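This report covers confidence and strand pairing in one protein chain. Please view the sequence and the structure together before reading on.

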Amino acid sequence: MGVPLVCHGHSRPVVDVSYSPVTPDGFFLISASKDSNPMLRNGETGDWIGTFEGHKGAVWSCGLDKNAMRAASASADFTAKIWNALTGDELHSFEHKHIVRACAFSQDTHLLLTGGMEKILRIFDLNRPDAAPKEVGNSPGSIRTVEWLHSDNTILSSCTDTGDVRLWDIRSDKIVQTLETKFPVTSAEVSHDGRYITTADGSSVKFWDANNFGLLKSYEMPCNVESASLEPKHGNTFIAGGEDMWVHRFDFRTGEEIGCNKGHHGPVHCVRYAPGGESYTSGSEDGTVRIWEVGSVNHEESNLSGHVKLVAEEVVRKAESLRINEKASEAK
């Protein structure tokens, strides 16, 4: 049970994964790897669509705009790049003075936020890509994560070597709130409905109210976790991945573990739920991206009724595929 779709293609560790929202053409998955080549896939099937070629160093962060028309990537080659997600062409390269660790499209898709070893948050206007970027605040350390919230009026960032998440009002350039964490935050996700911020620091996954910034829940994980993601539709489960090479699934209300996916051969660096919540993806030190269906748990952990149900579903699937094959052979 719980056999994932294994997506090969990267030759080095996968360090970031990101889904597009659902578009008229379905939804898409982009992965960033130390092999310097971000890859675009069908988010449902994992089928490879294309590779964005042009970076000369590890790619640490990647994302798609809400229409999945453009991709963004942040790299150790001191650039962040914007790509045409349909053709794979590089649209623009934004030069930095040091490694770029994080990038994010604004919700309205007109802006790109970047951060990295320079400790400067920059906002590039994609309608005027040659204009100088707006620089926001002074970060206390090298920037690890960046995200937008509040209709693009607020940005959040965390640092590689210090704890906490800082929230900046881009109109005033001021820090409006600090979310306090004991360890550096390695993953920050703003929920699709804008209500929650999910963070991972050390062995802790925390959920914050994105509007009043209160800490709602904090759960200790079985190991140090690098990434966590909240189920987007109902918000009733979350996933976390880290040092133990497994992808753990938990009940959001109680923190109880309800599933565990085994299969990676190295630490899990990144996890994200698909936009509909029906599957989730993980990227690992082992160079693979794996897509797991919700409800798929390892054989030894599934109870009998779950096993019977899955077998029944498999029988129905096989019967359907037989029927389709019969129809195809009749049509010949």
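## Low-confidence stretches

Over residues 321-332 of this predicted model, pLDDT stays under 50. The model has 0 contacts beyond four places in sequence for residues 321-332.

A further stretch, residues 297-312, also has pLDDT below 50. Beyond near neighbours in sequence, residues 297-312 have 21 contacts in the model. Where pLDDT is low, the predicted coordinates should not be read in detail.

## Confidence over the chain

The average pLDDT of the protein chain is 91. A score of at least 70 is reached by 88% of the residues.

## The sheet of β10 to β13

Four strands, in the order β10-β11-β12-β13, make up an open sheet with antiparallel pairing. Its edges are β10, residues 100-105, and β13, residues 134-136. Each of these two edge strands pairs on one side only. On average, neighbouring strands of the sheet are turned by 25° against each other, direction ignored.

At the β10 edge, the partner is β11, residues 111-116. The two strands run antiparallel and are joined by 5 bridges. Within this pairing, Ala-104 stands opposite Leu-113 in β11.

## The β23-β24 hairpin

Strands β23 (residues 247-251) and β24 (residues 257-261) run antiparallel, with 4 bridges between them. One facing pair is Val-247 and Asn-261, the latter in β24.

β23 and β24 form a hairpin, and 5 residues lie between the two strands. Gly-255 is in the turn and has a positive phi of about 80°.

Technical notes: Residues are numbered from 1 along each chain as its sequence is written. This is a predicted model: local features need pLDDT of at least 70, side-chain atom pairs count only at pLDDT 80 or more; totals for chains, interfaces and linings use all residues. Side-chain values use heavy atoms; hydrogens and water are left out. Two strands pair if DSSP finds at least two bridges between them. Axes are lines fitted to C-alpha atoms, for helices over the stretch in contact, and angles run from 0 to 180 degrees between N-to-C directions. pLDDT is the predictor's confidence in each residue, from 0 to 100. Contact means heavy atoms within 4.5 Å.
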